[in-house]
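Okay, thanks for coming, everyone. I'll put the structure up and then talk through the core, the cysteines and the aromatics.

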Amino acid sequence: GTADGMIINGGKPVHGADFKTYGDHRMAMCLTVLAQLADGVSSLDDESCVNISYPSFFTDFYKLG
């Protein structure tokens, strides 16, 4: 990791999962994007935490197609 973030090394297929957001709005939004790239079904344990910074995130995100 880094002092204020993380490093993600890719290259492997992403599979659906039950994601834990730890109540962090940034993680919820990031994991939502990841879930769209994953094979299979994914879920978030706490979608409501995005309301902290971006209450219309899911509406706007799903409008992207």
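Before anything else, one cut-off: when I say buried, I mean under 20% relative accessible area, exposed is over 50%, and partly exposed is what sits in between. And keep in mind that this is a predicted model.

So, the core. The largest nonpolar core has eleven residues. From the sequence end you've got Phe-19, then Ala-28, Met-29, Leu-31 and Ala-35, and on through Leu-44, Cys-49 and Val-50 to Phe-57, Phe-58 and Phe-61. Two helices, H1 (25-37) and H2 (57-63), put in at least two residues each. H1 is the biggest giver, with four.

Take Leu-31 from that list. If you ignore neighbours within four places in sequence, Leu-31 touches Phe-19, Lys-20, Thr-21 and Leu-44.

Now Val-33, which is also in H1. Is Val-33 buried or exposed? Neither, really: its relative accessibility is 39%, so Val-33 goes down as partly exposed. Val-33 and Phe-61 are 28 residues apart in sequence, and their C-alphas are 8.7 Å apart in space.

On to the cysteines. How many disulfides are there? Zero. Why does Cys-30 have no bond? Because the closest cysteine sulfur, in Cys-49, is 12 Å away from the Cys-30 sulfur, and that's too far; the cut-off for a disulfide is 2.5 Å. Cys-49 isn't in a disulfide either. The surroundings are worth a look too: Cys-30 has a relative accessible area of 41%, so that one is partly exposed, whereas Cys-49 comes in at 5%, so that one is buried. And remember that Cys-49 is one of the core residues.

Last bit, the aromatics. There are five aromatic pairs in the structure. One of them is Phe-57 with Phe-58, edge-to-face, 5.1 Å centre to centre and 75° between the planes. Both rings belong to buried residues: Phe-57 has a relative accessible area of 8%, and Phe-58 is at 17%. Phe-57 also pairs with Phe-61, and that pair is stacked, with 5.5 Å between centres and 20° between planes. Phe-57 and Phe-61 are both in H2, four residues apart, which is about one turn of the helix. Phe-61 is buried, as Phe-57 is.

Zoom out a little and you get one aromatic cluster made of Tyr-54, Phe-57, Phe-58, Phe-61 and Tyr-62. Three of those names should sound familiar: Phe-57, Phe-58 and Phe-61 are in the core list as well.

That's it from me.

How values were computed:
Residues numbered from 1 in each chain as written. Predicted model: local features only at pLDDT ≥ 70, side-chain atom pairs only at ≥ 80, totals over all residues. Heavy atoms only, no water. Core = buried A, V, L, I, M, F, W, Y, C linked by side-chain atoms within 4.5 Å. Buried < 20%, exposed > 50% of the residue type's maximum accessible area, 1.4 Å probe, protein only. Contact = heavy atoms within 4.5 Å. Phe/Tyr/Trp six-rings, centres within 6.5 Å; stacked < 30°, edge-to-face > 60°.
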